[in-house]
Amino acid sequence: MSINRKVQTLDEFTIQQLRDFPQATGELSNLLRNIGLAAKRVNVEVNKAGLVDILGDAGTVNVQGEKVKKLDVFANDQFIKVLQHGISCAGIASEELDDFVAFDDEKSIHSKYVCLFDPLDGSGNIDVNVSIGTIFGVYRRVTPVGTVVTKEDFLQPGSSQVAAGYVVYGSSTMLVYATRRGVNGFTLDPSIGEWTLSHPDIRCPEKGKIYSVNHGSFFEFDKGVQSYITACQQKSKEQGGPLRQRYVGSMVADVHRNLIKGGIFMYPGTSSKPDGKLRLLYECNPFAFIVGVAGGKATNGKIRTLDIVPSSLHERCPFFVGSKLMMEELETQLDQNG
Ligand code: P6P
């Protein structure tokens, strides 16, 4: 495949955004470029994970009680270092950290943004070479610029995000991010070490033929979820026939595929875990924002994910996200089955 050298790089794209919106200060563009730099450094290590001693466990356990893989630690450190050194972020929260980290140097306290990260989601797949990813959300701080950020800067509803994105370390490595102006995808061109615009203005198809869920928990799901899954399996020929079940077990890979092709991803609550497994702030909210900007929908089964008011950094929520018409069919099944 010949690579078109005329494609825009992430730097060129974000600078073009500044030209198009002169009132912008460039701080958000700079923040996104910083994230792109950290992701390139993570990508190098992910790509050689099988060759050097960074596979396996780091010997620690994170706030979720999950064994921390060495790559998790490396990825977390990269994003913190790049953003702390930059001047476009006043603090971060991360799945790998019990509490948020305020960047309290004279430059950082004057930034108007904070970031929340899952630095390496799907890390259980690292050792078996299945795609993994980074997820992030960007918020405008609510405390005064020039002061050190506090927890309330991080406990904002997802609807307050100014940008959100993810990196999928897969057959190729992609950075996809959304602002309210649209969703754009950049593929890493290793020959020049640049993110290159490969998927401009991504739109989520109104419907698709893919549903993604961990069937192993089927009998623990609510009746409404079970009835929706069964409906997916029983589509008539006139309705296009049964849907295909695709579930990698790595959220970034599953949601990215469904965003591009159309589909629905579900991580419902269960009788044993009513809030499900996924974290609201740095897994669900970023994808709810991205898919929403692209024309899809995201809920916790009752209300829009983006409308949930967080009470703690690591809270979990049931998560349903995907094509608009498929989400509406799910909502009907949930309403009818209580
Ligand atoms: P289960 C990975 O650990 C993760 O957080 C998501 O990336 C993924 O969608 C989910 O958990 C898979 O969980 O319970 O189906 O194995």
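# Exercises on two sheets, a cavity and two pockets

In strand S7, Val-167 is the bridge partner of Thr-134. Keep that pair in mind for Exercise 1. You're working with a predicted model, where local features need pLDDT of at least 70 and side-chain atom pairs count only at pLDDT 80 or more, while totals for chains, interfaces and linings use all residues. Residues are numbered from 1 along each chain as its sequence is written, and side-chain values use heavy atoms, with hydrogens and water left out.

## Exercise 1: the sheet of eight strands

Work out the order of the eight strands in their open sheet, and say which strands stand at the edges.

*Solution.*

Step 1. Write down the order: S4-S3-S5-S6-S7-S8-S9-S10, with mixed pairing. Strands (E, at least two residues) and helices (H or I, at least four) are DSSP runs numbered from the N terminus, and two strands pair if DSSP finds at least two bridges between them.

Step 2. Look at the ends. Strand S4 (101-102) and strand S10 (194-199) each have a single partner strand, so one side of each has no neighbour in the sheet.

Step 3. Back to Thr-134 and Val-167, the bridge partners. Strand S6 (residues 132-140) and strand S7 (residues 161-169) are antiparallel, paired over eight bridges.

Step 4. Now follow S9 into S10. These two are also antiparallel, with five bridges, and Leu-188 faces Trp-195 in S10. Together S9 and S10 make a hairpin with four residues in between, and Gly-193 in the turn has a positive phi of about 65°.

## Exercise 2: the sheet of five strands

Find the edge strands of the five-strand sheet, then see which helices touch this sheet.

*Solution.*

Step 1. The order in this open sheet is S12-S11-S13-S15-S14, and the pairing is mixed. Strand S12 (244-245) and strand S14 (297-299) are the edges: each has a single partner strand, so one side of each is left without a neighbour in the sheet.

Step 2. Strand S11 (residues 210-212) and S12 run parallel and share two bridges. Here Tyr-211 sits opposite Gln-245 in S12.

Step 3. Add the helices. H5 packs on the sheet in contact (heavy atoms within 4.5 Å) with S11, strand S13 (264-267) and S15, and its direction makes about 160° with that of S11. Such angles run from 0 to 180 degrees between N-to-C directions, with axes fitted to C-alpha atoms, for helices over the stretch in contact. Helix H6 (residues 280-293) lies across S14 and S15, at about 25° to S15.

Step 4. Check H5 against the eight-strand sheet too. H5 lies across S5, S6, S7, S8 and S10, at about 105° to S7.

## Exercise 3: the cavity

Say how much space lies in the largest cavity, and which element gives the most to its lining.

*Solution.*

Step 1. On a 1 Å grid over the protein atoms alone, a cavity is a set of points where a 1.4 Å probe fits but can't get out; a pocket is an open set with protein on both sides within 12 Å along at least five of seven lines, and lining residues have an atom within 4 Å of a point. Volume is the space filled by probe spheres set on the points, which are joined across faces, edges and corners.

Step 2. There's one cavity of 30 Å³ or more, and the largest cavity has about 40 Å³ of space.

Step 3. Its lining includes Cys-204, Val-255, Phe-265 and Val-321. Helix H5 (251-261) and strand S15 (319-322) each supply at least two residues, and H5 gives the most, with three.

## Exercise 4: the pockets and the domains

Where does the second largest pocket lie, and why?

*Solution.*

Step 1. Start with the largest pocket, at about 510 Å³. Its lining has 24 residues, with Gln-17, Ala-24, Leu-28, Thr-179 and Arg-181 nearest its centre.

Step 2. The second largest pocket holds about 410 Å³. It has 25 lining residues, and Asp-121, Gly-122, Ser-123, Gly-249 and Lys-277 lie nearest its centre. S5 gives the most to this lining, with three residues.

Step 3. The chain is divided into domain 1 (10-199) and domain 2 (210-336), bounds that come from an automatic or database domain assignment. The second largest pocket lies between the domains, because both give residues to its lining.

Step 4. Finish with the domains themselves: their C-alpha centres are 24 Å apart, and 48 residues of domain 1 are in contact with 31 residues of domain 2.
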